[in-house]
Amino acid sequence: MTVSFPSGCSMTVSATGLPYQHQAYYLTPVMAGGTVVATTPSGIQLGVSPYAGSGLSTSAKAITATFNTCPTKAASTTATGGGAIGLIFSGTVLFDAYEATNTVALGDNASYTFASTGCGGTTCTAAFIDPCNQHTTGGTGGSTWHYHGVPSCWTAVADGSSTSASHIIGIALDGYPIYGGYDVNGKAVDPSTLDACNGITSATPEFPSGAYHYVLPVNTTTKQSSINCYTGTVSATLSAEMKRLACKMPFLLADGNVRLPDGREVSRKEADAWMRMAMPEMEMASASGVKRGDGRRSSMSMPGM
């Protein structure tokens, strides 16, 4: 990651989008005909994908964005949308609390343990969202590595301890700083003390006299696990840039239907029509695998959000 300051109130950040830390295996959504090993509470069907060589390791999208570092509160809040809502200084982005299934991501996790020596022992455990509260759910360009809550692997580096006072770990699209879940005294922040956007005005190591900032609470699997709205104003240019990092692929659900990126649950026939329009190079397969634009079929994971 590189940082520059074009003016007194602007900061330009460039990052690779690669995760600071990752697991050897992940659970990712599968297409019909794939091997399902776990299903999330919302019904997303999952299979095992290795980080290396699966497309997960190459799905990161480079990030270059300029933020307003002199933010002011707007007359009213603005809801966060799908996709990136902030940048964590580990080099990857923060999403809001929700998956494309309209369920809270950290409350919609699943894991699977299997025999393998690939994790340094006799077994490996793969999860939809890893212990750092991050994931990417496919490798065909429809996904972005992202956090849905406090990036615990990174806060341990930024703070020097998992229970020390939280330092700045990122910046939201409206320019307000993002912190981990501990106050200036090293006490876990109670989510009930935060405003509707997960913000609070209080002392921090960087602002001992107090400043408004967002908090990502620890041990939280509710909608307050991430920022819910913007207190300040997000520029149209920055918003457009970050929308590029949104995930665009649908989820295959356990009931045979498909959840589209806009949250609608539709039949496979309707999903096929949506994909022909939105992604003409790929369509849903009625049989095993994916039918490509050239007519060939291949088995692959279905990325999502």
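**Exercise 1. Find the handedness of the Cys9 and Cys70 link, and say which parts of the chain this pair ties together.**

Step 1. Start with the torsion. About the S-S bond of Cys9 and Cys70 it is about -80 degrees, so this disulfide is left-handed.

Step 2. Place both ends. Cys9 sits in the loop between β1 (2-7) and β2 (10-15), and Cys70 in the loop between β6 (63-68) and β7 (78-79). The pair therefore ties together parts that are 61 residues apart in sequence.

Step 3. Check the distance. In this predicted model, the sulfurs of Cys9 and Cys70 are 2.0 Å apart. The cut-off for a disulfide is within 2.5 Å.

**Exercise 2. Decide whether Cys9 and Cys70 are buried, partly exposed or exposed.**

Step 1. Recall the cut-offs. Buried means under 20% relative accessible area, and exposed means over 50%.

Step 2. Take Cys9. Its relative accessible area is 37%, and it is partly exposed.

Step 3. Take Cys70. It has 35% relative accessibility and also counts as partly exposed.

**Exercise 3. Describe the link between Cys119 and Cys124, then the exposure of each end.**

Step 1. Confirm the bond. A disulfide joins Cys119 to Cys124, with an S to S distance of 2.0 Å.

Step 2. Read the torsion. It is about 120 degrees, so this disulfide is right-handed.

Step 3. Look at each end. Cys119, at 40% relative accessibility, is partly exposed. Cys124 has a relative accessible area of 1% and is buried.

**Exercise 4. Work out the geometry, location and burial of the Cys197 and Cys229 pair.**

Step 1. Confirm the bond. Cys197 and Cys229 form a disulfide, S to S 1.9 Å.

Step 2. Give the handedness. The torsion about the S-S bond is -105 degrees, and the link is left-handed.

Step 3. Locate the ends. Cys197 lies in the loop between β15 (177-179) and β16 (199-202). Cys229 belongs to strand β18 (residues 229-230). The pair therefore ties together parts that are 32 residues apart in sequence.

Step 4. Check burial. Cys197 is buried at 1% relative accessibility. Cys229 is buried too, with a relative accessible area of 8%.

**Exercise 5. State how many disulfides the structure holds and which pattern they follow.**

Step 1. Count the links. The structure holds four disulfides. Among them are Cys9 to Cys70, Cys119 to Cys124 and Cys197 to Cys229.

Step 2. Number the bonded cysteines along the chain. The pattern is then 1-2, 3-4, 5-6, 7-8.

Definitions and conventions: Residues numbered from 1 in each chain as written. Predicted model: local features only at pLDDT ≥ 70, side-chain atom pairs only at ≥ 80, totals over all residues. Heavy atoms only, no water. Helix = DSSP H or I, 4+ residues; strand = E, 2+ residues; numbered from the N terminus. Buried < 20%, exposed > 50% of the residue type's maximum accessible area, 1.4 Å probe, protein only.
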